[in-house]
Amino acid sequence: MTYLDILQQHFGFSSFRGIQQDIIESIGAGRDTLGLMPTGGGKSITFQVPALAKDGLCLVISPLIALMKDQVAHLRKKGIKATAVYTGMSRDEIIVALENCIFGNFKFLYVSPERIASELFQAKLAKMKVSFITVDEAHCISQWGYDFRPSYLQIAAIRKLLPDVPVLALTATATPAVVEDIQRQLGFRETNVKRMSFERKNLIYAVQHCSTTKEQEVLELLELIPGSAIIYTRSRLGTRELASWLVNQGISATHYHAALTNREKTERAEAWQKGSIRVMVATNAFGMGIDKADVRLIVHTDVPDSPEAYFQEAGRAGRDGQPAHAVLLYDDHSIPVLRRRVEDTFPPEEYITQVYEDACNFLQMAMGDGYGVTREFNLEAFCHAFRHFPVRAYNALQLLSRAGYIEWADAEENRSRVMMSCHRDELYSFHLPPMMDRVLQHLLRTCTGIFSEYAFIDEGEIAHALGIAESDVCEQLIDLSRRHILQFVPRKFIPYFTFRQRRVERDEIVMPAAVYADRKRELDQRVQTMIGYLTTQMCRSRYLLNYFGEEHAADCGLCDNCTEESVVPACDDQQIRQRILDFVAEHHPSSLLDIHLPDLPQQEVGRVLHQMLEEEELRLT
Ligand code: ADP
Ligand code: MG
């Protein structure tokens, strides 16, 4: 059977798209291959088809559990044997899945990166007949990338275990430096990149300076451009507020962010996906793995701090090839806010060491003590006591963690945990109400080591598995802990703080360049690129493509810069500058809003005004 036969028979597509066939032939011939295709380009086919053509099992490393489950379900529906191993499965379940891969003639094993380091996994893997390894979202292996995940570095170890097995790395986002780094980190035997242009011919980029409020601006866009939309907003609270404001304006909308329950997330994503809700207002937590073809509009109400993130998010529009819009809104605060984000994410080193010292004092840890000690640590109380700004203090603590001095879990990373407080033998003497018994049995079945250590749980998943309400699960857990059968630590408990070294003097703290200086410089460069995106007069598509290393990209002819150039007579910045100065000299406006130059494009005036403020050619008094 040819690759094309497999595509047609198993997946029902008539032909390959873009460079799919190139990638398939390359990995099919046993060559290490890096495939670069934009989001929605159809990367999955590039490993699924050759895996079916070859003997043995394809190992797929993928960072998102939800995505893994989706793909496994998808393959199974087609009668293809596929399974997955990820955090949250019980040891027994994992063993069953892995044994299936050894003896059961399975074609796909999906595994999340933090699992591959385990001895159990590696021991079983050694017995499998692996055709090739697929690393999805391969940019996560690069510290130069914008979404580095340390667990990805473990993949190198897998390659050592399976020295003759080729690897297929796939990503939708990589600058030239990252392209090189991925191949190095994965130990490619030869340089081999299959790249498809990231040009999105049907995507219409625009940057819009807000003349009114952002809400109003979003509403106007939604009225102008019919169809499904995503509005990206940075703050979680902001997603809720904007969605309910839109609903009040008669627009069908909902909101989404990381702190919703799993149930809420699934329900809302599904409603939006099938079109019963038109607009999704979301933080960047929404998107990976979304496969909706007919999204017509993506709006960003805040400027993302990396072009990679922007390109990915904007790229969720128009996968069906029909015209779609990607609009980035900004206002006079956007550029200073972006700049401050760099400073907030990487506060000065004196500040970091100050936070370290204050935290030690807050925890009453004596100099030289503390090695391995864990304490509760309430960031809010700490910031209050020592007058720190939470965002900066948070980031200082993150950097101290990455530099290896401490380990701390902030509220977001916390999940609920349980541990048995009774002995295993005592279990038989309890007479529990039926629902409580079911919850307990479920925990005993699914959480390994629960008698000796805390196990993370997800109330939503338990509720789903047992077919009861999430609130019931919580109630049962609280009741179980009242009966001293187990200890239940609900999520949003006070975060903890662990000393990974004894307490040292402030001036002994060293921030390695790999943790601090290099990362800061990269973030700064990304932010500069985004500021450039806001202010450039170049074709926006070409601007982004250049950033990703496509130097010979053509003008798109569609974006606001391309079209404005032809519609509005060219007017260079210097002329606009002079006009503004003339206006100010004549009218003495009391605010920026009073500056009217109606014959010039408002957006250009806004942009130049901005530059003048930045350069202090104008000052607000
Ligand atoms: P990516 O991982 O690159 O973001 P996916 O693999 O999820 O993209 O594929 C995106 C969509 O494209 C899916 O709905 C998939 O079924 C579809 N697709 C992939 N290859 C083809 C093809 N050759 N012909 C038609 N549709 C395809
Ligand atoms: Mg994919």
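1. Domain bounds, as used in this note, come from an automatic or database domain assignment. For the chain of this predicted model, that assignment gives domain 1 (3-195), domain 2 (203-337), domain 3 (347-412 + 494-515), domain 4 (417-489) and domain 5 (569-621). Domain 3 is thus written as two segments, 347-412 and 494-515, and its centre, taken over C-alpha atoms, is separated from the centre of domain 5 by 46 Å.

2. On the overall build, the chain contains 24 helices and 19 strands. Its radius of gyration is 27 Å, close to the 25 Å that the globule rule gives for 621 residues, so the chain is as compact as a globular protein of that length. Taken along the principal axes, the box filled by the C-alpha atoms is roughly 90 × 70 × 50 Å.

3. On burial and contacts, 52% of the 621 residues in the chain are buried, while the area that the chain exposes comes to about 29300 Å², with carbon and sulfur atoms supplying 50% of it. Where contacts join residues at least 6 apart in sequence, 75% of them link residues at least 24 apart.

4. A search of the whole structure for aromatic pairs finds 19 of them. In one of these, the ring centres of phenylalanine 47 and phenylalanine 108 are 6.4 Å apart and the planes stand at 70 degrees; because an angle over 60 counts as edge-to-face, the pair is given that label. Phenylalanine 47 belongs to helix H3 (residues 43-53) and phenylalanine 108 to strand E4 (residues 108-111), so the pair ties together parts that are 61 residues apart in sequence. Phenylalanine 47 has 0% relative accessibility and counts as buried, and phenylalanine 108, also at 0%, counts as buried too.

5. A further pair is made by phenylalanine 377 and phenylalanine 382, whose ring centres lie 5.2 Å apart with planes at 45 degrees, so the pair is tilted. Phenylalanine 377 is buried, with a relative accessible area of 0%, and phenylalanine 382 likewise counts as buried at 0% relative accessibility. Both residues belong to one aromatic cluster, which is formed by Phe362, Phe377, Phe382, Phe386, Phe497 and Phe499.

6. Charged side chains also lie over aromatic faces in this model. Lysine 292 lies over the face of tryptophan 272, at 5.5 Å from the ring centre, and arginine 540 lies over the face of tyrosine 533, at 5.4 Å from the ring centre.

7. Two glutamates can be set side by side: which of them is buried and which is exposed? Glutamate 522, in helix H20 (residues 517-535), has 9% relative accessibility and counts as buried, because the cut-off for that class is under 20%. Leaving aside residues up to four places away in sequence, glutamate 522 touches Gln143 and Trp144. Glutamate 180, by contrast, sits in helix H8 (residues 176-185) and counts as exposed at 51% relative accessibility, because that class begins over 50%. The C-alpha atom of glutamate 180 is separated by 39 Å from that of methionine 612, which is 432 residues away along the chain.

Definitions and conventions: Residues are numbered from 1 along each chain as its sequence is written. Chains are lettered from A and ligands numbered from 1 in the order in which they are written. This is a predicted model: local features need pLDDT of at least 70, side-chain atom pairs count only at pLDDT 80 or more; totals for chains, interfaces and linings use all residues. Side-chain values use heavy atoms; hydrogens and water are left out. Rings of Phe, Tyr and Trp (its six-membered ring) pair if their centres lie within 6.5 Å; planes under 30 degrees apart count as stacked, over 60 as edge-to-face and the rest as tilted. Helices (H or I, at least four residues) and strands (E, at least two) are DSSP runs, numbered from the N terminus. Buried means under 20% relative accessible area, exposed over 50%, partly exposed in between (1.4 Å probe, protein chains only). A charge sits over a ring if NZ of Lys or CZ of Arg is within 6 Å of the ring centre and within 35 degrees of the ring normal. The radius of gyration is taken over C-alpha atoms; the globule rule is 2.2 Å times the number of residues to the power 0.38. Contact means heavy atoms within 4.5 Å. Accessible areas come from the Shrake-Rupley method with a 1.4 Å probe; for residues, only the protein chains shown count as cover.
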